[in-house]
Amino acid sequence: MGRRARDRRRQQQRQERGGDGGDQTGWAGGYPEIVKENELFERYYRELGIVPAGEWDAFMEALREPLPATLRITGYKSHANEILHCLKNKYFKELQDLEVDGQKIEIPQSLSWYPEELAWHTNLSRKILRKSPELEKFHQFLVSETECGNISRQEAVSMIPPLLLNVNPHHKILDMCAAPGSKTAQLIEMLHADMNVPFPKGFVIANDVDNKRCYLLVHQAKRLNSPCIMVVNHDASSIPNLQIDIDGRKEVLFYDRILCDVPCSGDGTMRKNIDVWKKWTTQNSLQLHGLQLRIATRGVEQLAEGGRMVYSTCSLNPIENEAVIASLLEKSQGALELADVSSALPGLKRMPGITKWKVMLKDGQWFEEWKDVPSNRQTQIRPTMFPIKEEEKLKAMNLERCLRILPHHQNTGGFFVAVLIKKSPMPWNKRQPKVNQKLPQRTGDTVETAANSDDGSDDITEEPILAENEESKKMQKLQNSDTEQNKKEGVCGPPPSKKMKLFGFKEDPFVFLPEDDPLFLPIQKFYALDPSFPKMNLLTRTQEGKKRQLYMVSKEIRNVLLNNSEKMKVINTGIKVWSRNSDGEQFGCAFRLAQEGIYTLYPFIHARIINVCIEDVKILLTQENPFLSKFSSETQKKVKDMAMGSIVLKYDPDPEKPDTLQCPIVLCGWQGKTSLRAFVPKNERLHYLRMMGVEVFKAKRKEEESESKTEEEVQYKQAQPEEGMDMEDKERGLVTKMEAETALYYRWAFVSVAGNGPCTSKI
């Protein structure tokens, strides 16, 4: 059933029920209106006092209002300023004095605390933005720019944790619970702060426990075309220790920065996930506390000394927030400290962390101390959920350095953030972990990702790393004793060991190109690659048969891949840089350039580059297969003596013409016998055309006309293969497009997955 048909059916159902289903909120979509009331929620948070005196009514009123739409401009690309200029001077101006369904549309405002005006919010609800004909042009712009990685639709508070990580391009970063990937994208941007460096020394390992969500994460990360990102699939609470080769020695990989955005009950997301209103109970937080503490503990274990870990949730509940941080600080015995970030992000209104709270069961029963909990409730409530009673110890923790974002202060969702600094190894990691010297079995530079066993899982036991043998035995004994007794003895044991399960689909292997591979020599010659080109970083995803695609990773990602194949399940890494042509040999090279990796490759290419003017770029992007005669005389002269095949088309801005596009463009192209064309994805074409001031808006067609192709639709449809492109390339493009559209649907719809258990929301 098509979308329009579903909409008509839902409208009919609403009329039959005799109402609009609460349509004024912009959320109804044909379903019965959910009453935004929860007595237990109000009683719980009133008692805890997390909302300042006199602000409770404003707090609750904000929770019942739709969440503003927010967007973030990708900050590391050279054309970020062009996108910002386009937004401010074109699309935002068109919203002036606009009314939709009687609602005055306010001009979007930049988030005052986000650097360089790269994040914006508006009072538009998602339904109005997606359904209103008056806003269709703006919505198309957002969808298209999001798909090609230039804009991210991301909740405002979700942007905070990566900013507080203080990432530099040389940092090794672990994102422990990364899906759906908006924060991961921010981290990648920070690695590529200098676009003149194609391979920054740092990298991001993005992990998620959900195999299916990992592929959504891949789609998000791939929009940014970075060779420094790897997506892996592990339980974050037992993610394995990795090792890397440093000057011939195998050493454990410790991360400079870790983002620990854990699954949570999500009551800070009530403004967009309205199911939380009727499903909220304190039981959700009680069930998640242990998992959150295990994930955070595993994170700080893998953090380098002097490194920084940001712990965050989209929950307001201290059981998931301060209680986790306090327990982590206590067991660290001084190895961790909360960073003072009060001066970071000026303009961001935040509340300090709290030091006193109570625990409540779902039946409304309160407990102030662990000793008050009856034995039949001690499986639901644990000692780590209660605040520290010793005033001196509590004061030394500086829990007020945590941040809690309240929705009514800046019209956002609710959020919690804590920034931890590691000063020394954790007590149970006093000695550096021993590295297993047994290297993966591989042929050449072939890396097999962890495969599934016959029963669908592969168990790898991650042993806890302990101190001296005597202390180890003592700690192991203490693990099984009561936590209060542990505190009395002043000893803190490590988290219990846990089996790591690998599941999901078996991935293709990562096969690095051998140094003497004959495949590379014609490529090197055809494109006159610089001697500094890191050919050892090229890989394929097949061990047998013809290599159809060549991918590239950074040297550091290669190091991780080669040394951890037996313990790590890699979902995806690398960017495509070359793709095989079925008849490529007759053009001098079997592989054509791929637009996905052109900005990484371009600094190393010294041949087959054609500099084009702005008018030539417009022709390349608006016409399917233009004849050479349509281009400028300069371009025709350059092409005349060049052999057929894959080429680079480069536009350099003219600073003497400030009204023209002021950012460089690099396109992959193909020179035919009588034509010159660009091999660029549809949305990337539209992006460049918008930046050049070319109108690319297409109004919606009536349903009866939806199957007919108009001249405008043909003009901008995705390029089809011509000479030098084979059918497999065409099929791959179709599959990629289908995957992208599916991923976009879920990302833009902001679907809340709510089961019978607690809602483990992540923004």
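**Reading strand 13 and a four-stranded sheet**

Six bridges link strand 12 (residues 255–261) to strand 13, and the two run parallel. The model is predicted.

Biologist: Which residue of strand 13 is the bridge partner of R257?

Modeller: R257 is matched with R308 in strand 13.

Biologist: What about strand 19, parallel or antiparallel to strand 13?

Modeller: Antiparallel. Strand 19 (residues 415–422) pairs with strand 13 over six bridges. In that pairing, S312 has V417 of strand 19 as its bridge partner.

Biologist: How many residues of strand 13 are buried?

Modeller: Buried means under 20% relative accessible area. Nine of the eleven residues in strand 13 are buried, so by that cut-off the strand is mostly covered.

Biologist: Where does C314 lie?

Modeller: In the loop between strand 13 (303–313) and helix 12 (322–332). UniProt, in an unreviewed entry, places the feature "active site" at C314.

Biologist: Is C314 buried or exposed?

Modeller: Buried. The relative accessible area of C314 is 2%, and the cut-off for buried is under 20%.

Biologist: Now the open sheet. What is its strand order?

Modeller: Four strands, in the order 4-5-1-6, with antiparallel pairing. Strand 4 (109–110) and strand 6 (151–153) are at the edges; each has a single partner strand, so one side of each lacks a neighbour in the sheet. Strand 4 pairs with strand 5 (residues 119–122) over two bridges. There, Q109 has H121 as its bridge partner.

Biologist: Which strands does helix 4 touch?

Modeller: Helix 4 (residues 80–94) packs on the sheet, touching strand 1 (69–73), strand 5 and strand 6. Its direction makes about 145° with that of strand 1. Helix 6 (residues 136–147) lies across strand 1 and strand 6, at about 110° to strand 6.

Methods:
Residues are numbered from 1 along each chain as its sequence is written. This is a predicted model: local features need pLDDT of at least 70, side-chain atom pairs count only at pLDDT 80 or more; totals for chains, interfaces and linings use all residues. Side-chain values use heavy atoms; hydrogens and water are left out. UniProt positions are given in the numbering used here, feature names are shortened, and annotations may be inferred rather than shown by experiment. Buried means under 20% relative accessible area, exposed over 50%, partly exposed in between (1.4 Å probe, protein chains only). Two strands pair if DSSP finds at least two bridges between them. Contact means heavy atoms within 4.5 Å. Axes are lines fitted to C-alpha atoms, for helices over the stretch in contact, and angles run from 0 to 180 degrees between N-to-C directions.
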